[in-house]
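Student: I've just opened this one up and I'm new to it. Could you walk me through it, one question at a time?

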Amino acid sequence: GVVGVVGVVACASAVAGRTNLEGATWQPDRGRPLLAPAPRGDAKGAAREYLLHTQCMDRATKLAYAEFFYTGAPEAYLLRHNYQSPKFFEHDDAVKMERVVLPSQERAWRVTAHANFEFGFALRNAVTGEWKSEIGKKHAPLGKAPCAQRYGEYFNRVATLEEPAGSTIEYVYGMCNKTCPEGFVESQWVDQPLTGDIPLDGEGEPVDLGEGDDARLITIRTALPLKDPDGNPRGPSGRGLVVRDTRFAESEDVSRWIMAIVDPYPADEIKLAMLEVTKSASNRLLVSQIDSKRYEFGHTCVITECSVARYDIPAIWHDNELSDFTYTYSVTALQYTIARKGDTKTPAYEHTFPLDKFISTTNIWTMKRAGKWGMDIDVRRVVFTSAGQCGASHAGRCIRMGVVERATFMDNSATEAYWIASLMGGGKSAMALIKVYVDADNNLLAKIQAAREGSQCPNPPGDFYLDGWVRQWDVLLCSVPLQSRWSDAASQTVKNTATDSRDVGIGALSYLLAPEMTASLAANFAPT
């Protein structure tokens, strides 16, 4: 915790030297006294409202505390040294703040507490238990700030300098700013343009994914595999799921990712490709493919066994004897986002439904129990990455991978949001509308709201192998908007079990759960 000042009287003797801090000058805001006044009258015992903004803190603070933020989204606390109290900003005297949603939809922290003299804000990482305070010596985020009060070597905020008396005290963590800029949107969940072909290691320059200061903070969700059995690259019928290689000792300089897919050609193996992301000296993130392998089931897969959304893919790669390809196997069109230092790593989840209880219009999936899915009760934090779609074809196998897109033409909000899982093949496109919502107890739930079947994405003119074949199988490269594909499709029934003869079913889902709700997550659901 912050070492407190030693009392107003003792600190007064330091006033004469307060402008020279190892050669650096501290100058308080115009009109602020060098020594804050003591609380008077009712202010000594009155509680006051404190409001803290954390989503727009400056880059210097986020960089300084990058590892602290990386491991978990923190809670906020009010630190205090009440006038003449023997407690100086101690953690056991800190007041936990409540997470609130402001009218602008920004997530902030609020508390009403008795803090009548010196105060500051602290963040606590709930995963590691580590604390980071904005107040303290000169290297603290608020150190030498003109809105701070200096006592000797220490910089704090002081309630008696806040006007008018009794009003809400409001600040951005570590800054003199009182609010976030209007319309502030961070970039953590902004989808980047799909890439071109990813070169095999040593056979071309890595693809530049964009600016990034930590290779661990890229999130690759899907990729389009290409196989080249006859000298002409062609898409093996759809996108593959991409997951972080959790077995790799990643660092801010390098991370690894594994693409996985089961397609019908043949349906007795998982096709895998290892991608490596490196950070350049100029803070650019570069990606290349360093390996490709096949995991053989030893038989033709059945039902949900065919869905990569159910597997721990890094365990498949590292714990099994894998086979080489007899042809070139590569990937293209990566779907990804880039976070920055100071953002939190996003956890990934896989779920397989029982064969006798697929997620459906009547079978509700409890994704997370209340109190177990973070501080922000907002379903837009869920980011689906893959759906194991099981239809009437291929003997009911959940083969290939359903691409899951936000249904931005629906009425999305903090309490309910919609996604469409699409799987193309055989001239058709099977689609399932997934509703994610909360109940009255704040459990995180999901169900299939409806299902439809439309036409496969039209084959554009041009080379059959690379242009036409690839695009007609890939939902994300399709030129027909999602809303049109959905509205023009015919209604279908939804499987409740694996053995149902109905048209559309989902046997497995994989997803990310953002550690906190952000402006860029909300922007992704903006109506189209």
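Tutor: Sure, and let's settle one term before anything else: a contact means heavy atoms within 4.5 Å. Also keep in mind that this is a predicted model.

Student: Okay, with that in hand, what share of the contacts with a separation of 6 or more comes from residues 24 or more positions apart?

Tutor: Here we set aside pairs with a separation below 6 and look at the rest of the contacts in the protein chain. Among those, the part that comes from residues 24 or more positions apart is 71%.

Student: How many helices and strands does the protein chain have?

Tutor: Picture the C-alpha atoms in a box of roughly 85 × 50 × 40 Å, taken along the principal axes. The chain has 528 residues, and 56% of them count as buried. As for the elements, the count is seven helices and 26 strands.

Student: What about charge: how far apart are the centres of the positive and negative side chains?

Tutor: The protein chain carries 56 positive and 65 negative side chains. Take the centre of each set, and the two centres lie 5 Å apart.

Student: Let's zoom in on strand 23. How many of its residues are buried?

Tutor: Strand 23 covers residues 428-438 and is mostly covered. It has 11 residues, and the number buried is 10.

Student: It must have neighbours. Which residue of strand 23 is the bridge partner of Leu423?

Tutor: Start with strand 22, residues 416-425, which pairs with strand 23 in the antiparallel sense over 10 bridges. The two form a hairpin with two residues between them, and Gly426 in that turn has a positive phi of about 60 degrees. Across the pairing, the partner of Leu423 is Ala430.

Student: And on to strand 24: which residue there is the bridge partner of Ile434?

Tutor: Strand 24 spans residues 444-455, and it runs antiparallel to strand 23 with 11 bridges joining them. Five residues sit between the strands in this hairpin, where Asn442 takes a positive phi near 70 degrees. In strand 24, the partner of Ile434 is Ile448.

Student: Now some single residues. Is Lys62 buried or exposed?

Tutor: Lys62 is in helix 2, residues 59-64. Buried means under 20% relative accessible area. Lys62 has a value of 16%, so it counts as buried.

Student: Which side chain makes a polar contact with the side chain of Lys62?

Tutor: Leaving out residues up to four places away in sequence, Lys62 touches Met57, Phe69, Lys341, Gly342 and Asp343. A polar contact at 3.2 Å links the side chain of Lys62 to the side chain of Asp343.

Student: How about Trp109: what is its relative accessibility?

Tutor: Trp109 lies in strand 5, residues 107-113. Its touching residues, again leaving out those up to four places away, include Tyr50, Leu52, Pro74, Arg99 and Met375. Another of them is Met97, which is 12 residues away in sequence and 5.7 Å away in space, C-alpha to C-alpha. Trp109 counts as buried because its relative accessibility is 4%.

Student: And Tyr329: how far is it from Pro225 in space?

Tutor: Tyr329 is found in strand 17, residues 328-338, and is buried, with a relative accessible area of 1%. In sequence, Tyr329 and Pro225 are 104 residues apart. In space, C-alpha to C-alpha, they are apart by 7.3 Å.

Student: Any odd backbone spots? Which residue does a cis peptide bond join to Tyr265?

Tutor: Most residues other than glycine have a negative phi, and most peptide bonds are trans. One cis bond here joins Glu163 and Pro164, with omega about -10 degrees, and Pro164 is in the loop between strand 9 and strand 10. Another has omega of about 0 degrees, and it joins Tyr265 to Pro266.

Student: Last one: is Gln84, with its positive phi, buried or exposed?

Tutor: Phi of Gln84 is near 65 degrees, and the residue lies in the loop between strand 2 and strand 3. Lys144 also has a phi near 65 degrees and is partly exposed, with a relative accessible area of 32%. The cut-off for exposed is over 50%. Gln84 has 69% relative accessibility, so it counts as exposed.

Note on methods: Residues numbered from 1 in each chain as written. Predicted model: local features only at pLDDT ≥ 70, side-chain atom pairs only at ≥ 80, totals over all residues. Heavy atoms only, no water. Buried < 20%, exposed > 50% of the residue type's maximum accessible area, 1.4 Å probe, protein only. Helix = DSSP H or I, 4+ residues; strand = E, 2+ residues; numbered from the N terminus. Pairing = 2+ DSSP bridges. Lys, Arg positive; Asp, Glu negative; His and termini not counted. Charge placed at Lys NZ, Arg CZ, Asp CG, Glu CD. Polar contact = N/O pair within 3.5 Å; in protein donor to acceptor, adjacent residues only side chain to side chain.
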